[in-house]
Every structure is written in C-alpha cells, then in structure tokens.
Amino acid sequence: MARRKNPEAEIQKAVVDHLRSRGVPGLVWWHTPSGMMAGGKRTKSGVPLQILHFKRMGWRPGVADLILVHKGRIHALELKAPGGRASVAQMEFLSEIDAAGAYTAMPEGVDAALATLGAWGLIR
C-alpha cells in the first residue's frame, strides 16, 4: 500500500531543522501530537479509550503544530502547505490563544514559516 504524501509534515520537519540549528538562545519549543491514531480497547460506540483518557488529561484537537516560548512570550505556529486550509478546531485554538495574548500565525510553506519566525525574533 502506498503511503499518502503529507506536505505539511515535510514543511514541519524543515522548520524544526531550522529551529534546531538557528533558534535563538533561550527559545523553548515543542510539537503536541494531535493527529494520532489511537488503538486498543474501545467503548461500545467505538471511541478509543485512549482518546477518552487523553481528553481527561487535557488534550484538545486543533493545537497548533509548534508552540514556542521566548522571553515570556508564547507563539503558536500552524503550518500549512500552499493552498492548505485550517480545520475548525485549528481556527478555534488560534483564536483562543491569540485572545489570551499569544502571537499566532498560519504561514503557507517553509519560506513563509521562516519569515514568520524571523519576524518574531526566534531564529538567527
């Protein structure tokens, strides 16, 4: 079976490579997995018990691809391939974290993502 191409994953890998090599001192960043495939036992309605557990632990859908913290400021970067569109959950997350005071962006492609990180002062 052929694997489906995931251009956003390739963009994220490239951005992460830049963060690792060019991130400014004191920058803390991470990716929170949201598109996971949960296996194992399920409820009678078919919902994986892992998902219910993750929700009880605070997981939520739509968390931005990269969360970055530097000098007391939070940044949320939702990466998109050219022409890509955000889900409702992604838009809700960005809206909520923006209202809470974070810097948010949804750049299309590696160059736009790197330009955003540069404008935020997070890469050298």
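Does L52 count as buried, partly exposed or exposed, and why?

## A surface leucine

L52 counts as partly exposed, because its relative accessibility is 36%. Buried would need under 20%, and exposed would need over 50%. This is a predicted model, so every value here is computed from predicted atoms.

L52 belongs to helix α2, which covers residues 49-56. It also has a part in a surface feature. V47, L49 and L52 make up a nonpolar patch on the surface. Together, these three residues have about 200 Å² of accessible area.

## The sheet

Now look at the strands. Four of them form an open sheet. Their order is β1-β2-β3-β4, and the pairing is mixed. Strands β1 (28-30) and β4 stand at the edges. Each has a single partner strand, so one side of each is left without a neighbour in the sheet. On average, neighbouring strands are turned by 15 degrees against each other, with direction ignored.

Take one pair as an example. β1 and β2 run antiparallel to each other and are joined by three bridges. W29 has its bridge partner in β2, and that partner is L68. Helix α1 packs on the sheet and touches both β1 and β2. The direction of α1 makes about 20 degrees with that of β2.

## A buried alanine

Strand β3 spans residues 73-77, and A76 lies in it. A76 counts as buried because its relative accessible area is 0%; the cut-off for buried is under 20%.

What does A76 touch, leaving out residues up to four places away in sequence? The contacts are A64, L66, I67, F93, L94, I97, Y103, T104, A105 and W120. Consider I97 from that list. A76 and I97 are 21 residues apart in sequence. In space, their C-alpha atoms are 7.9 Å apart.

## Helix α4

Helix α4 runs over residues 109-119. Which of its residues are buried? They are G109, A113, L114, T116 and L117.

These buried residues pack against several elements. Two of these are helix α1 (7-22) and strand β2 (66-70). The others are β3 and β4, where β4 covers 103-105. Just after α4 comes G121, with a positive phi of about 75 degrees.

## Putting it together

Follow α1 through the model. It packs on the sheet, touching β1 and β2, and the buried residues of α4 pack against it. Then compare two residues by their accessibility. A76 in β3 is buried, whereas L52 in α2 is partly exposed.

Definitions and conventions. Residues numbered from 1 in each chain as written. Predicted model: local features only at pLDDT ≥ 70, side-chain atom pairs only at ≥ 80, totals over all residues. Heavy atoms only, no water. Patch = residues over 30% accessible without salt bridge, like charges linked within 9 Å, V, L, I, M, F, W, Y side chains within 5 Å. Areas by Shrake-Rupley, 256 points an atom, 1.4 Å probe, with all protein chains shown as cover. Salt bridge = Lys/Arg side-chain N within 4 Å of Asp/Glu carboxyl O. Helix = DSSP H or I, 4+ residues; strand = E, 2+ residues; numbered from the N terminus. Buried < 20%, exposed > 50% of the residue type's maximum accessible area, 1.4 Å probe, protein only. Contact = heavy atoms within 4.5 Å. Pairing = 2+ DSSP bridges. Axes fitted to C-alpha atoms, helices over the stretch in contact; angles between N-to-C directions.
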